[in-house]
Amino acid sequence: MNRISAFLSRADREERGMILGNVLIFGTVMMLLVATMIAVSTSGAVKSATDRNFQNAMTAAYAGLADYQSKLSNDNGYALFGNAAAQFSKDSGSSFSGQNGNGAFSAWTKVIGSTDQWYRYEVDNSNYSAKGVLKVRVSGKSGSSVRSLVANLKGDGFINYLYFTNYESSNPAISGSSCTTAYQWQSGSKCPAVQFASTDILNGPIRTNDVFTAACSTVFNGSVEQHDTSVRSSSGGCSGTFNGGAATAVPYLGLPALNSNMSQETRADLPTTVPRPGCLYTGPTRVAFLGNGKMTVWSPWTKATQIQVVASTGEVQAASDAAKSAALCGTVSDLQSAAGATIPTLPSNLMYVQDIPSASSNVNSWATNTYPSKYTNTYCTTAVTVKSNGSVTTTSNQPFSNGQGFPAAGEWINGGASGSSYQTGSASDAYSCSAGDVFVSGAFSGAMTIASSGTIWVTGDVTYVSATDDILGLVGQNAVEVYNPARCTSYPTVYQRGVGYVTDTTRCNQNGVGLLNRSAGNSLTISAAIASNAGTFLNQDYDIGPKLGVLKVIGSIAQNWRGPVATTGGTGFSKNYVYDQRLLTTAPPKFLQPVSTSYGVTTQVEVQAAFKPDGSCATTSTGACR
């Protein structure tokens with residue numbers, strides 16, 4: 001019995017020892033697990049904070065980009081502001097007129113409503129005047145994280161559309177109508193809409209502040225944006241095929257009333273705002289593109305191709321560096337000669353053609369009854385009289401010819417239908433001898449814009465040598481017009497007492513009206529971004545002659561009034577308008593800008609951080625600032 005009791009007592013002690021050991025082992029394991037969990041939790045908290053700062057840094061960068069976009073939209077001139085000492089700006093060769101009190105150009109700026117997010121930005125405006133594109137590098141900071149992105153910005157203006165109009169009716173001054181210009185969606189009497197024909201094809205986005213009118217077979221291969229959501233029918237029941245989606249309503253987009261601000265780009269005395277002045281020509285000017293990167297320019301009224309203005313008096317003088325002006329724009333003696341000046345197309349620049357100035361203090365003005373002497377034409381002292389057989393005679397000392405060969409021999413000026421005949425129009429009104437009109441044609445190579453205070457006449461095909469490298473802008477204040485002259489071969493006769501029957505050259509019989517240099521089926525191609533800010537784009541004499549071929553425009557068209565190019569009666573061109581997709585991300589040099597615009601991001605990419613959290617520049621492996 002004692003032996004059994006001793007055995008049980010020893011077993012109990014051994015069991016308690018084992019349990020204690022197990023408890024110690026289990027406790028140690030639990031302590032290790034708790035310690036591991038605490039370590040993991042602490043590490044996760046640190047990682048979570050780092051991740052949050054990393055994300056917030058990019059959020060701050062986006063906030064900075066939005067801030068810069070907003071400032072641009074509120075002030076189109078904001079592209080001229082920045083910090084020239086910033087590395088991104090300095091490397092690009094950008095120039096600025098100051099920082100406009102914006103600290104974000106040179107230091108961290110707190111994101112509104114945030115306590116731990118900051119941004120700053122650097123601007124590259126080196127391609128703004130040439131292509132309308134701004135590049136901005138924006139850096140965002142949160143905690144110890146800094147992230148940077150680079151974005152290209154471009155104004156969301158009318159060049160973003162294949163076809164843009166303010167009004168969908170014609171200019172009454174051109175149509176000869178006494179109607180009232182108003183939007184088609186407004187109530188009351190108004191000028192009738194110009195419609196898209198059944199043969200028209202529009203390959204790109206189109207927009208109007210008015211509403212479009214179209215035939216059943218009109219094809220819209222891009223988006224249609226207008227005042228409301230219904231394109232009106234020209235023939236009842238249907239209004240086209242909408243391959244780019246149904247029409248949508250969009251806000252008003254304004255064209256500037258004048259393009260005269262573009263002439264400032266020819267001033268040589270504004271180095272900050274005009275670092276690369278273009279060329280100024282005066283009076284009727286003819287331009288022939290030669291297809292080899294060169295062009296010939298005839299501008300007999302031009303005396304100075306770059307100018308400077310005396311601030312105290314307003315006197316307009318020739319630029320002080322005449323040799324530099326001549327090298328870019330041609331010598332005055334060549335411009336005034338019959339051979340013209342053959343020069344390279346302006347490199348990423350603009351030519352502006354102005355009316356002959358009336359102020360005697362302007363270097364390009366002409367005294368009364370004085371004319372260029374080095375050109376064989378007598379300019380405004382020649383009258384053209386068209387005989388009944390279409391031949392032409394000239395009479396001296398009567399203002400008529402514009403000095404550039406317009407009107408052409410045998411040309412009859414269409415003054416519009418009147419009863420059973422057509423009226424003879426005024427050649428001096430059609431081809432002014434003092435207006436800043438441009439006559440252009442040929443194969444273009446380069447990047448430039450032609451702007452005119454008058455009308456740009458497209459006298460033949462204007463095409464690109466390279467569809468990917470070349471870009472051209474045509475901006476006519478009054479119009480961009482396809483040259484399509486008329487002729488008259490049959491004038492009515494009238495009886496005059498004491499004289500008998502005589503030819504009445506003030507009218508042309510309907511069966512005698514035709515086109516001077518185009519036949520049925522003839523087509524024309526224009527590759528350019530076209531704008532007429534106060535006028536229209538149209539085909540001269542669209543309402544007479546045979547049915548022509550296709551008017552193909554590769555680029556964009558913006559105009560105040562809708563310009564006709566054909567009639568439903570079987571005259572004029574069919575349209576084939578194709579949007580140049582490059583215009584979404586670039587523009588012709590120094591092209592016309594909308595009254596106001598918003599700036600959209602065309603490309604965006606994250607790059608290596610440009611700064612350290614303390615604001616000093618981040619460096620490359622060689623120690624240079626990024």
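Which helix and which strand each supply at least two residues of the lining of the largest cavity? In this predicted model, the elements in question are helix 3 (128–131) and strand 4 (145–155).

**Cavities**

The structure holds two cavities of 30 Å³ or more, and the largest cavity has a volume of about 120 Å³. Its lining is made up of 15 residues, of which Lys-154, Gly-155, Ile-159, Ala-587 and Gln-593 are the closest to the centre. Sorted by class, the residues that line the largest cavity are eight nonpolar, four polar and three charged.

The second largest cavity encloses about 50 Å³ of space. Here helix 4 (172–175) and strand 36 (536–539) each supply at least two residues of the lining. The residues that line the second largest cavity are Ser-170, Asn-171, Ile-174, Ser-175, Thr-536, Leu-538, Tyr-542, Arg-562, Gly-563 and Pro-564, and by class they divide into four nonpolar, five polar and one charged.

**Aromatic pairs**

A pair of aromatic rings is described by the distance of the centres and the angle of the planes. With ring centres within 6.5 Å as the cut-off, the count for this structure comes to 26 aromatic pairs. One of them joins Phe-406 and Phe-439, whose rings are stacked, with 4.1 Å from centre to centre and 10° between the planes. Because Phe-406 lies in the loop between strand 22 (392–396) and strand 23 (414–418), while Phe-439 belongs to strand 25 (residues 438–444), the pair ties together parts that are 33 residues apart in sequence. Are the two partners buried or exposed? Phe-406 is buried, with a relative accessible area of 7%, and Phe-439 is likewise buried, with a relative accessible area of 1%; both values fall under the 20% that serves as the cut-off for a buried residue.

Elsewhere in the chain, Tyr-68, Tyr-78, Phe-81, Phe-105, Tyr-119 and Tyr-121 form one aromatic cluster.

**Charges over rings**

Aromatic rings also meet charged side chains in this model, as the table sets out for a lysine and an arginine, each with its charged end over the ring of a tryptophan.

| Charged residue | Ring | Distance from ring centre |
|---|---|---|
| Lys-141 | Trp-118 | 5.4 Å |
| Arg-286 | Trp-298 | 3.9 Å |

Which residue has its charged end over the ring of Trp-298? That residue is Arg-286, at 3.9 Å from the centre of the ring, whereas the ring of Trp-118 has the charged end of Lys-141 over it, 5.4 Å from its centre.

Key: Residues are numbered from 1 along each chain as its sequence is written. This is a predicted model: local features need pLDDT of at least 70, side-chain atom pairs count only at pLDDT 80 or more; totals for chains, interfaces and linings use all residues. Side-chain values use heavy atoms; hydrogens and water are left out. Rings of Phe, Tyr and Trp (its six-membered ring) pair if their centres lie within 6.5 Å; planes under 30 degrees apart count as stacked, over 60 as edge-to-face and the rest as tilted. Helices (H or I, at least four residues) and strands (E, at least two) are DSSP runs, numbered from the N terminus. Buried means under 20% relative accessible area, exposed over 50%, partly exposed in between (1.4 Å probe, protein chains only). A charge sits over a ring if NZ of Lys or CZ of Arg is within 6 Å of the ring centre and within 35 degrees of the ring normal. On a 1 Å grid over the protein atoms alone, a cavity is a set of points where a 1.4 Å probe fits but cannot get out, and a pocket is an open set with protein on both sides within 12 Å along at least five of seven lines; lining residues have an atom within 4 Å of a point. Grid points are joined across faces, edges and corners, and a volume is the space filled by probe spheres set on the points. Ala, Val, Leu, Ile, Met, Phe, Trp, Tyr, Cys and Pro count as nonpolar, Asp, Glu, Lys and Arg as charged, and the others, Gly among them, as polar.
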